[in-house]
Amino acid sequence: MKSIRLSLMVYFLALLTLALVTASLLAYQTSYLTLQEKKATTEKLIEAQYDQRCKDENEQLNQKLLNQAEMLASLVEFRIDFSQIRDRQLLIVGLLTALPTPNGYALTPLWIGQAFPRRWSDPFFVVYRKLPQIKLNEDEQFKQLSRIGGQAADYVQIDASWGSSFQSEKLEKLGKRGLPLDAASFKPNEVVAHNFDSLVLTPDDVPLRRVILKIPTGMGEPPRPPRQGKPPPGGRSGDPPLPDKTVFDFSHRPPMYIQCATTTDKLDETLLGFKATRDQELANVEAETTASLIGLRNRLLGISLLTFAITIGGAWWLVRLGLLPLERLSVAVSKVSEKDFRLRFDEPRLPSELMPIRDRLAGALNQLEKAFAREKQATADISHELRTPLAALLTTMELALRKTRSADEYREMFEDCLLSAKHMNQVVERLLALARLDAGVDQLRPRNVDVGELANQCAALVRPLAEARGLNLTVKRRNDAQVTVDPDKMREMMVNLLHNAIQYNRPNGSVTLTVARPDGRLEVAVSDTGIGIEPEKQGQIFERFFRADPSRGADGANAGLGLAIVKGYVDLMGGTLDVESEVNRGSTFRIRLPVPA
Amino acid sequence: MRVLLIEDHKPLLRSLRQGLEEEGFAVDTAADGEEGDFKARSAQYDVIILDLMLPKIDGFSLLQKWRRDGLKTHVLVLTARGSIEDKVKGLDLGADDYLTKPFELGELIARVRALIRRTHQVKDPVLRILDLEIDTAARTVKRAGKSIHLTPREFALLEFLAFHRGKVVSRSMIWEHLYDEQDENTSNVVDVYIRYLRNKIDKGFNPPLILTRWGEGYLLRGEDES
């Protein structure tokens, strides 16, 4: 058996589950996408940071190297080591022109050459091009480097275009050949240029980062963009002042190549560290994202379950609340009993859905009550109807037996008994007819008969009754009425109507029975000049046991059944029964039947 | 004793009338409420037997009207409606007794007699005056132990006198209570019956019970009458 409550709950919970699942999925999906995006962005950021850091680190190293190289450019000394000179002429020239300096002999013309424009200095460089040796004070370098706060590149090599070369200590220790130099990597028109590269130094496979700075000899540090109001930096004290780089054209000076290289161990370490950090960070992001998602999922699950739990309770309560009026109605209905048909359900604030139910229920119960009352009344009426003739019967017979009587007396008494018995018989017959109609077992047995002839028969039957009351009875046949109809029922109906017409008539009145066939239908009418029927009662007279005059006794089987039977038969035949009546003038009862010829 | 019978079912009316007359009652009849009402007010009845379902005016309405108008006649309601409500209603409206159809004739008669006794405040159905014994139920008479046979009319007259013993009853009273509407009122029919009665009751017995009060009527000797 289906339960509204149960189905409602089930459907509601199913709907809720669906809603929660959908909402959760959507929420999760959206969050997932967002988180993924965020993760991607963060990863990109981390990568970018890493790249930047590596780049920075590299840049820093490169810059340091460059700084060092540039600084070296200004620290380079050109000295003559007389022990190295083999050429006697050069030696003399050198001796003549050299000046002693704390660091060795410096060539005066070189200074001059440095100071003067090209035209003047070029010849000196032509002469001296093979002489000057490059010298570098490593301690000085260290000092300078510490001043500018940089890490010293251990491997320094300075090559002059004329072949002179200087190598730092460490480089010397490593290998004779020094750092390879590809002068062609510099474009000829580049006066000052630098390149960075990485190389591996054999034989120990030491990874190095190196900068090669091509710089014209005598320039010192390459020019910086001039700062406001400050003169360009000069060289060290004790050396000839460098020419103003901004005007002096160094392009004709022979270039020298300053190489600074340093092991990239530390750099590599740092880079690895960065990489590790990056990987770590990436892993963290990954973990965070996953954790977020799991957390989100768990939260959604928790919320859903909680909502579900709460809503089950709430829903059950709501359903119960909603069904409460229904329950009350049902209780009220169960209280309706045979004794009391009233529906005890007086609630002013009835939900609109129940109002019509309650009203109709009350209406139906009311009808039922009326029907029961009618039936109760009917039962009383029936018993009453039969009791009076029974009493007459019994009394008469009792009387007859009290003492010996004459034959005439007995005859009279027998006649009385017969009358009473007939009366009772009529009542029983009518009741049976109604019972049959109720049970639906009544069958029509139509035969082709002349209804006019039937009318005559019926009239003959009731004529004695009519004459006894001084009434005039006539039969009128308007048309030929040879039709197919159930003759017994037809007779019964006509007799019934005639009895009524006689019963309710006035002295010297008349009764007319008419048979006609208008429009192919069969019409049978009985009119009387009787007491008539009030308009408000005209609808009720066809009801069972209804008597227009309830005080009228059972004289002539007037139990209120006759018209009910006629109506029943007419309905069975598919026709209509109408009455026209005027109080104190008379009534006409008309039967109309659709009959085939 | 005179009875008014109001009943619309003709066969029953006829049987009841005959039955009551054979028991010595004078019976008038009416077949509808209107006629019944008229008759009830126009003669002195000892009991009215009233059916409830009557044409024109129904039984309950009649009863109510009578009692309201001060009619004191005993009413026995006779009807096919046997429900408790109807019985109660009938009694409450002023009926003295109630009998449902179908009934035994004997019961009806006994109840009517009981009502008559009530009128005269007599409890014992056997009326005893000196050595006269009148059994109103059995319709027998004894004087000094000796059975006396009386015709129904004679018995009714004696009974009437006995109910009014010690009191003078006029000829018209006798006429009123012992003859129905259909009887012709011949002035000396009462005298004739008194003579018959005296012949049977007083002749050969002492003291004489049926006395004459000239100019007034007759009476039956009471206990303390001398």
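Contact here means heavy atoms within 4.5 Å. The model shown in all views is predicted.

**View 1. Chain A as a whole.** Chain A has 597 residues, and 41% of them count as buried. Its secondary structure comes to 12 helices and 16 strands. Among the contacts in chain A with a separation of 6 or more, 72% are between residues 24 or more positions apart.

**View 2. Length and bend of helix α10(A).** Helix α10 of chain A covers residues 451-468. Its 18 residues should span 26 Å at 1.5 Å a residue, and the end C-alpha atoms are 26 Å apart, so the expected and modelled spans agree. The helix is nevertheless bent: at Val462(A) α10(A) turns by about 45 degrees. A proline, Pro464(A), follows Val462(A) within four residues.

**View 3. The two ends of α10(A).** At the start of the helix, a side-chain oxygen of Asp450(A) comes to within 3.0 Å of the backbone nitrogen of Gly452(A). After the helix comes Gly470(A), with a positive phi near 75 degrees.

**View 4. The buried residues of α10(A) and their cover.** Toward the start of the list of buried residues are Val451(A), Gly452(A), Leu454(A) and Ala455(A), and the list continues with Cys458(A), Ala459(A), Val462(A) and Ala466(A). An α-helix has 3.6 residues a turn, so residues three or four places apart point the same way. Val462(A), where the helix bends, is itself among the buried residues. The cover over these residues includes the strands β10 (447-450), β11 (472-477) and β12 (482-485) of chain A. It also includes α11 (487-503), β13 (510-516) and β14 (522-528) of chain A.

**View 5. The interface of chain A and chain B.** Chain A contributes 26 residues to the contact and chain B contributes 27 residues. About 2,200 Å² is buried between chain A and chain B, with carbon and sulfur atoms giving 55% of that area. Nine residue pairs are in polar contact between chain A and chain B, counting pairs with both residues at pLDDT 80 or more. On the side of chain A that touches chain B, α8 (354-402) and α9 (407-439) each supply at least two residues. The largest share of that side, 13 residues, comes from α8(A).

**View 6. A salt bridge between the chains.** Three salt bridges are found across the interface of chain A and chain B. One salt bridge joins Arg402(A) to Glu23(B), with the closest N and O atoms 2.5 Å apart.

Terms used: Residues numbered from 1 in each chain as written. Chains lettered and ligands numbered in written order. Predicted model: local features only at pLDDT ≥ 70, side-chain atom pairs only at ≥ 80, totals over all residues. Heavy atoms only, no water. Expected span 1.5 Å × (residues − 1). Bend = angle between axes of the 7 residues up to and from the residue. Buried < 20%, exposed > 50% of the residue type's maximum accessible area, 1.4 Å probe, protein only. Polar contact = N/O pair within 3.5 Å; in protein donor to acceptor, adjacent residues only side chain to side chain. Buried area = accessible area lost by both parts, 1.4 Å probe. Salt bridge = Lys/Arg side-chain N within 4 Å of Asp/Glu carboxyl O.
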